[in-house]
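Got the viewer open and a coffee within reach? Let's click our way through this one stop at a time.

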Amino acid sequence: MTKTSNLGELQAIAKRVRRHIVEMIGAAKSGHPGGSLSAVEILTTLYFDVMRHDPANPTWAERDRFILSKGHAAPVLYGVFVEAGYTPAEPLNTLRRIGSIYQGHPDRRYIPALEASTGSLGVGLSLGLGMAEAARLDNSPTRVYVLLGDGEIQEGQIWEAAMYGAFHKVDNIVAIVDYNKIQLDGFVKDIMELEPLPDKWRGFGWNVIEVDGHDIPALQKAFADAAATKGKPTVMIAHTIKGKGVSFMENNPKFHGVAPTKEELEKAVQEIGA
Amino acid sequence: MSVNTKFELKLGAATREAFGKVIVDLGKADPNVVVCDADLSKSTFTHLFAKEFPNRFFSCGIAEANMVSIGAGLASSGKIAFVSSFSAFVLNKGFEQLRVNCAYAQVPLKVVGTHSGISIGEDGPSQMSVEDISLACSLAGFTVISPADEVSMSALVKAAAYHNGPVFIRAGRVKAPIVHTAEQKFEIGKAIQLIEGKDMTFIATGLLVAECIRASDILAGEGISAGVIDIHTIKPIDRNAIAAAAKNTGCIVVAEEHFTDSGLGVKVAQVVCETHPCVMEFHGMGNYYAESGTPEEVMTKYKMTGADIAVTARKALARK
Ligand SMILES: Cc1ncc(C[n+]2csc(CCOP(=O)(O)OP(=O)(O)O)c2C)c(N)n1
Ligand SMILES: [Mg+2]
């Protein structure tokens with residue numbers, strides 16, 4: 001894997017990841033396209049520019065850690081893993097099938113390079129704090145990145161973790177909220193409103209950065225600002241569009257957890273154009 | 001050769017859907033019925049209730065522990081309160097609240113866990129619930145119900161609604177074969193003998209009741225008379241039915257979509273030991289997690305079919 005800060009190259013990777021997402025979910029006939037597509041630029045920027053990691057040496061002790069706390073978005077992580085060379089491309093079409101390394105939710109029994117097995121929402125930030133604390137104890141430069149869903153942060157444990165992160169000044173962690181404004185049953189504002197969200201995190205003592213989660217240069221700058229912030233943890237509130245890149249999935253609650261039909265898949269692949 | 005023809009095993013609705021429908025009926029009949037949801041109403045079918053009675057539907061967001069305590073507050077204020085989510089989430093995230101706010105405080109909350117067992121398929125182990133019977137049964141004073149089909153689910157949800165105590169009801173994701181007749185009467189705590197047997201008895205719950213019927217059919221072809229009991233209530237367990245099966249057939253195989261070391265099987269074994277000790281085998285999940293796959297793939301790989309259960313039965317009979 002070669003890392004790059006080049007916008008064109010990162011955008012090309014993002015396109016391929018999008019294509020992997022819709023194709024693997026199409027093949028599986030089940031899965032979560034919306035929240036996978038909304039996080040493509042975030043994961044692409046992390047894995048191909050920001051994070052210190054080595055697919056040839058996944059157990060490197062001083063690597064940065066990424067936790068997909070919103071585990072149902074596994075397809076975006078699998079797409080990035082394939083592009084980065086962690087896992088092979090051809091079994092992507094076995095997603096969610098028996099024996100597949102591409103399990104319905106990230107499963108470390110099948111892909112040891114995953115930092116966490118996730119799928120039950122609300123636990124990833126605490127897990128990441130533990131990893132960040134271990135890194136500090138070991139004087140390791142490791143930084144920890146945790147991707148949270150906006151629906152997911154309704155879980156109380158997230159706010160227990162938020163208190164901990166600020167109190168213990170855990171400045172080697174970045175929480176990223178994929179703020180796509182939609183959860184399983186509908187729009188966040190109709191299920192359990194989160195606003196004023198930046199104020200909530202600020203009130204808990206976090207450095208808050210709001211960013212357009214599809215704007216790669218803005219994400220690059222935000223991650224750099226986070227790294228430069230000492231003495232408190234950073235949360236990036238990434239404004240995103242659920243289903244981004246596929247017109248009929250965009251901002252459409254239906255595609256939280258529904259696979260595209262054969263015709264929809266063809267249309268999606270055409271639109272993505274990778 | 002006596003092949004059982006009583007059961008066609010036509011596919012019915014999923015038990016989660018039967019639950020969603022029957023609480024609408026309950027809501028129509030009784031303005032005291034209220035429902036709480038944690039962002040899974042489309043999956044648990046409580047969206048039907050939400051549509052009909054928006055004022056009596058409480059959206060809690062993805063916050064199961066909070067939902068359980070809110071439900072307990074409603075239930076302790078005279079409401080017939082249901083809370084629902086996947087079994088894996090409502091029990092694991094809400095366990096402390098179930099213990100202290102419902103079991104210990106004797107508050108009659110009705111908890112419905114859907115997507116139980118491994119038959120959910122594709123979503124995989126994080127959403128599969130293979131320890132819920134164990135957890136729910138460990139809550140003092142809880143009644144634990146695990147219906148096999150839409151018929152028993154509808155009847156038992158109605159019974160649970162007016163049961164004076166906290167109840168956990170276990171529902172599944174996939175369509176369930178219908179094992180009961182429309183005329184069947186259901187009583188909490190009273191097991192139902194679906195097939196009479198002379199040589200052995202299957203005691204099963206949930207989807208595996210239908211698979212035990214299939215196993216009984218297979219064994220009938222080998223000249224073995226295997227009875228089938230649907231033990232829809234796991235707590236309080238029907239001691240008389242278990243003791244009679246042990247006494248009359250001398251061989252019991254328990255089948256469940258759950259860890260065998262902490263589920264229905266060990267509860268049945270306790271009664272057998274205390275009444276008429278006999279040969280027993282336990283069919284279900286060992287103490288490990290399954291994996292993603294279609295429901296059929298998962299149920300086949302993890303040996304939850306009638307043919308697999310028949311193998312366990314032969315093993316038990318060989319020891320008799
Ligand atoms: C503890 C828990 N409760 C419920 C679920 C079921 N579930 C899966 S995804 C989801 C909605 C998540 O919404 P959000 O966090 O906004 O994710 P995104 O929009 O990024 O897909 C729910 C309720 C779960 N996986 N874990
Ligand atoms: Mg969301």
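Here is a walk through a metal site, a few odd backbone spots and two sheets.

**Before you click**

This is a predicted model, where local features need pLDDT of at least 70, side-chain atom pairs count only at pLDDT 80 or more, and totals for chains, interfaces and linings use all residues. Residues are numbered from 1 along each chain as its sequence is written, chains are lettered from A and ligands numbered from 1 in the order in which they are written, and side-chain values use heavy atoms, with hydrogens and water left out.

**Stop 1: the magnesium ion**

Select ligand 2, a magnesium ion, and show what surrounds it. Which protein atoms are its donors? They are OD of Asp150(A), OD1 of Asn180(A) and O of Ile182(A), at 2.0 to 2.1 Å. Donors here are N, O and S atoms within 2.8 Å of the metal (3.2 Å for Na, K and Ca); water is not among the atoms, so sites may look incomplete. Along the sequence, the spacing of the donor residues reads D-x29-N-x1-I. Asp150(A) and Asn180(A) link distant parts of the chain, 30 residues apart: Asp150(A) is in the loop between strand 2 (144–149) and helix 6 (156–167) of chain A, and Asn180(A) is in the loop between strand 3 (173–179) and helix 7 (188–191) of chain A. Helices (H or I, at least four residues) and strands (E, at least two) are DSSP runs, numbered from the N terminus.

Are Asp150(A) and Asn180(A) buried or exposed? Both are buried. Buried means under 20% relative accessible area, exposed over 50%, and partly exposed in between (1.4 Å probe, protein chains only).

**Stop 2: an acid without a salt bridge**

Next, pick Asp171(A), in the loop between helix 6 and strand 3 of chain A. Asp171(A) is buried yet has no salt bridge, and the nearest side chain of opposite charge, Arg136(A), is 4.3 Å away. A salt bridge needs a side-chain nitrogen of Lys or Arg within 4 Å of a carboxyl oxygen of Asp or Glu. For charge, Lys and Arg count as positive and Asp and Glu as negative; His and the chain ends are not counted. Setting aside residues up to four places away in sequence, Asp171(A) touches several residues, among them Arg136(A), Arg143(A), Thr229(A) and Lys230(A). Contact means heavy atoms within 4.5 Å.

Now jump to Arg136(A), in helix 5 (residues 124–137) of chain A. Arg136(A) is partly exposed, at 31% relative accessible area. Its contacts beyond four places in sequence include His168(A), Lys169(A) and Val170(A).

**Stop 3: backbone oddities**

Stay with Lys169(A), found in the loop between helix 6 and strand 3 of chain A. Its phi is near 50°, a positive value in a residue other than glycine. Asn251(A) also has a positive phi, near 55°; look in the loop between strand 5 (234–239) and helix 10 (262–272) of chain A.

For cis peptide bonds, try Glu195(A) to Pro196(A), with omega near 0°, then Lys235(B) to Pro236(B), with omega near -5°. Pro236(B) is in the loop between strand 12 and helix 10 (239–249) of chain B.

**Stop 4: the seven-strand sheet**

Switch to chain B, where seven strands form an open sheet of mixed pairing in the order 3-2-4-5-7-6-12. Its edge strands, each pairing on one side only, are strand 3 (57–59) and strand 12 (233–235) of chain B. Two strands pair if DSSP finds at least two bridges between them. Strand 6 (residues 143–145) and strand 12 of chain B are antiparallel, with two bridges, and Ile145(B) stands opposite Thr233(B). Add helix 4 (residues 64–75) of chain B, which lies across strand 2 (33–37), strand 3 and strand 4 (80–86) of chain B.

**Stop 5: the five-strand sheet**

Last, find the other open sheet in chain B, ordered 9-11-10-13-14 and mixed in pairing. Strand 9 (192–195) and strand 14 (279–285) of chain B are its edges. Strand 13 (residues 251–259) and strand 14 of chain B run parallel, joined by six bridges, and Val254(B) has Phe282(B) as its bridge partner.

How values were computed
Axes are lines fitted to C-alpha atoms, for helices over the stretch in contact, and angles run from 0 to 180 degrees between N-to-C directions.
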